[in-house]
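Student: I've got a protein model open and I'm a bit lost. Could you show me how to read it, one feature at a time?

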Amino acid sequence: MSQPEPPRDPGETETPGMLDQHGQQEMIQRIGREIVHSLPPGWQEVSVRYRAVGSYRELAAELIAPNGTGIPVAMTSRVGELFAELRHGMYQPQRGTWVSATYRLSRPASYSVDFNGDHNPAWEQEPPHTEFAAELSRYPRATHNIPGWLAERAGLSTPGAATSPEQLHRADVFDGTDAVGRPVTNRGALPPEDRDRVLEYLERAPVVLAARGYDSDRLDPYGKAAVPMTFHTDGSWIWPGAVGYYLRTHELAPQPELVEHIREREFQLPYVDDEARELAVSVITAEQNR
């Protein structure tokens, strides 16, 4: 049962991020007590979902039957108000605050709360785009902490993106080939503390072009077809999916300039808007057609 009507807005009267760990835990317990006051006699388990962006809110709750079936149940307006206060109080400068929370209660005294600040919630009704911009105005985030879905709906462009083909850097999988066509590389290994973070950056960046099937692994003695035929971009660099594949499979580091670029971004992918993706595609297709 969704309840999108907004409760009292704490953003106009209180400084965001004022709740310390003790205050957060106290507020979570207050929410739990208010949820219990909303429940019918004989309840055993309940799941309450709160979603918010800007001044838009949704509140839905279900009693969980023994067979796992969900039965909608109404919450008091105070539950929504307390969730709003908790969200406001948990704001972190440059990181923002969570946009959805799931509170689970089970008899006699078991509970858990999951917070989500990075992924687009499963809205019952898509909020107006103005609310996404309002979210970033009320709870500012550093550029690298703005998820793509939030930046897109807030009308942001790709920060620091190339605006011409000449500005886009292209990463090579290998440094060259020897006299018989075998790949040659002259790169040091990535430090263990960087390897997984670089790999996540490479593989999570948007795929802007892809072909069916897989290419041959040029470092595999049997040349198995396992290399993804994709291209990724972060708006500043373009790299084949093979770059991530060879790092994951053979510990072959990307070229140093790309690694340094990823480090400078603190391993955080920026939002890549449509213009940046289209520019990357035009560069890739122009090179393939030469």
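Tutor: Sure, let's start with strands. Two strands count as paired if DSSP finds at least two bridges between them. Keep in mind that this is a predicted model.

Student: Okay, so how many bridges join β1 to strand β2, and which way do they run?

Tutor: Eight bridges join β1 to β2, and the two strands run antiparallel. For one spot to look at, find V46, which stands opposite L63 in β2. Now follow the hairpin of β1 and β2: two residues lie between the strands, and G54 takes a positive phi near 60° there.

Student: What is the sense of the pairing between β1 and β4?

Tutor: Antiparallel, over seven bridges. Here you can check V48, whose bridge partner in β4 is Y103.

Student: How many of the nine residues of β1 are buried?

Tutor: Buried means under 20% relative accessible area. In β1, which spans residues 45-53, seven of the nine residues are buried, so by this cut-off the strand is mostly covered.

Student: Let's try a helix. Which residues of α7 are buried?

Tutor: In α7, residues 256-264, the buried ones are L258, V259, H261 and I262. They cover an arc of only 160° around the axis, which puts them on the same side of α7. On the other side, P256 and E264 are exposed.

Student: And what covers the buried residues of α7?

Tutor: The cover includes α5 (192-204) and β11 (237-240). While you're there, look just after α7: E266 takes a positive phi of about 60°.

Student: Now the rings. How is a pair of aromatic rings described?

Tutor: By two things, the distance of the centres and the angle of the planes. This structure holds eleven aromatic pairs. Take Y91 and Y139: their ring centres are 5.6 Å apart and their planes are at 35°, so the pair is tilted.

Student: Where do Y91 and Y139 sit in the chain?

Tutor: Y91 is in the loop between α2 (77-89) and β4 (100-106), while Y139 is in the loop between α3 (129-138) and α4 (148-153). They are 48 residues apart, and the pair links distant parts of the chain.

Student: Are Y91 and Y139 buried or exposed?

Tutor: Both are buried.

Student: Which residues form one aromatic cluster?

Tutor: Y50, F83, W98, Y103, Y111 and F115. You've already met Y103, as the bridge partner of V48.

Methods: Residues are numbered from 1 along each chain as its sequence is written. This is a predicted model: local features need pLDDT of at least 70, side-chain atom pairs count only at pLDDT 80 or more; totals for chains, interfaces and linings use all residues. Side-chain values use heavy atoms; hydrogens and water are left out. Buried means under 20% relative accessible area, exposed over 50%, partly exposed in between (1.4 Å probe, protein chains only). Helices (H or I, at least four residues) and strands (E, at least two) are DSSP runs, numbered from the N terminus. The arc is that of the directions from the helix axis to the C-beta atoms. Contact means heavy atoms within 4.5 Å. Rings of Phe, Tyr and Trp (its six-membered ring) pair if their centres lie within 6.5 Å; planes under 30 degrees apart count as stacked, over 60 as edge-to-face and the rest as tilted.
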